[in-house]
Amino acid sequence: GDWTWPDNKHADLKKAELVKTRNEAENMAYQVEQQLKEHGEKIGAEARGTIEASINNVRETLKRDDAQAIKKAAEKLMTDARQYYDAGRYQEAIVLYEKLLAENPDDMETNLYSGISYLEVKKYNDAGRSFNKIIAQNDNLFIEQAEWYLGFCYIATGKTEEARNHFYNISKSNSSYSTKAL
């Protein structure tokens, strides 16, 4: 017959996953709360209320032994950040992205959205740092976008020659941006 995990081994793995999920979510809630204390005045009362509700939701799910519910609550926190980004509320989005990156610095999608948000609020050095991290990591789906936006960081900071070379290199590449770079 087929070999299966002994029941106690499976239970141990599930318990370990629950502990890991719980720690990550607890950390995320704590990080957001700290960001809110530091930057709460920069964002509107509505945004603050939404984020606080998300934090409370995470904390409520932590009381249960349900890894899926905890993951779902943590994902809602990420969704809230994305909504601020989509609504053009980049300062609010940055607060949440920084918290998410403190938890998981190698999340390249979050690095990209963080970089674009910094670009939108004219914090070009912070934006460049996000885009360069994606490019340096060199094994993700966001490199072309990061290269493209990095060129705008060069333009915005008066690095005309670097921008020219950068867009020239993009135009010579197989990037989907190659025709736009001309």
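I first wrote down that a residue counts as buried when its relative accessible area is under 20%, and with that in hand I looked up E92, which is buried at 9% relative accessibility. I also noted that this is a predicted model.

**Salt bridges**

I then asked which side chain E92 meets in a salt bridge, and found that E92 is joined to R89 at 3.1 Å, N to O. R89, unlike its buried partner, is partly exposed, with a relative accessible area of 26%.

The count of salt bridges comes to eight, and I followed up two others, starting with K20 and E24, whose side chains meet at 3.1 Å, N to O. These two residues are four apart in helix 1 (residues 7-39), and are therefore separated by about one helical turn. K20 is exposed at 53% relative accessible area, whereas E24 is partly exposed at 36%.

Next I looked at E33 and R59, which form a salt bridge of 3.1 Å, N to O, and this pair links distant parts of the chain, since E33 lies in helix 1 and R59 in helix 2 (residues 45-62), 26 residues apart. I noted that E33 is partly exposed at 26% and that R59 is partly exposed at 28%.

**Helix 7 and helix 8**

I turned last to helix 7 (residues 143-156) and helix 8 (residues 160-171), which pack at an angle of about 160 degrees with their axes 8 Å apart. Angles over 145 degrees count as roughly antiparallel, so I recorded the two helices as roughly antiparallel to each other. Their crossing is left-handed, and the residues making the contact include W148 and F152 of helix 7 and H166 and F167 of helix 8. By class, I listed eight nonpolar, three polar and two charged residues in this contact.

How values were computed. Residues are numbered from 1 along each chain as its sequence is written. This is a predicted model: local features need pLDDT of at least 70, side-chain atom pairs count only at pLDDT 80 or more; totals for chains, interfaces and linings use all residues. Side-chain values use heavy atoms; hydrogens and water are left out. Axes are lines fitted to C-alpha atoms, for helices over the stretch in contact, and angles run from 0 to 180 degrees between N-to-C directions. Angles under 35 degrees count as roughly parallel, over 145 as roughly antiparallel, 65 to 115 as roughly perpendicular and the rest as oblique. A crossing is left-handed if the near helix is turned anticlockwise from the far one by less than a right angle, and right-handed if clockwise. Contact means heavy atoms within 4.5 Å. Ala, Val, Leu, Ile, Met, Phe, Trp, Tyr, Cys and Pro count as nonpolar, Asp, Glu, Lys and Arg as charged, and the others, Gly among them, as polar. A salt bridge is a side-chain nitrogen of Lys or Arg within 4 Å of a carboxyl oxygen of Asp or Glu. Buried means under 20% relative accessible area, exposed over 50%, partly exposed in between (1.4 Å probe, protein chains only).
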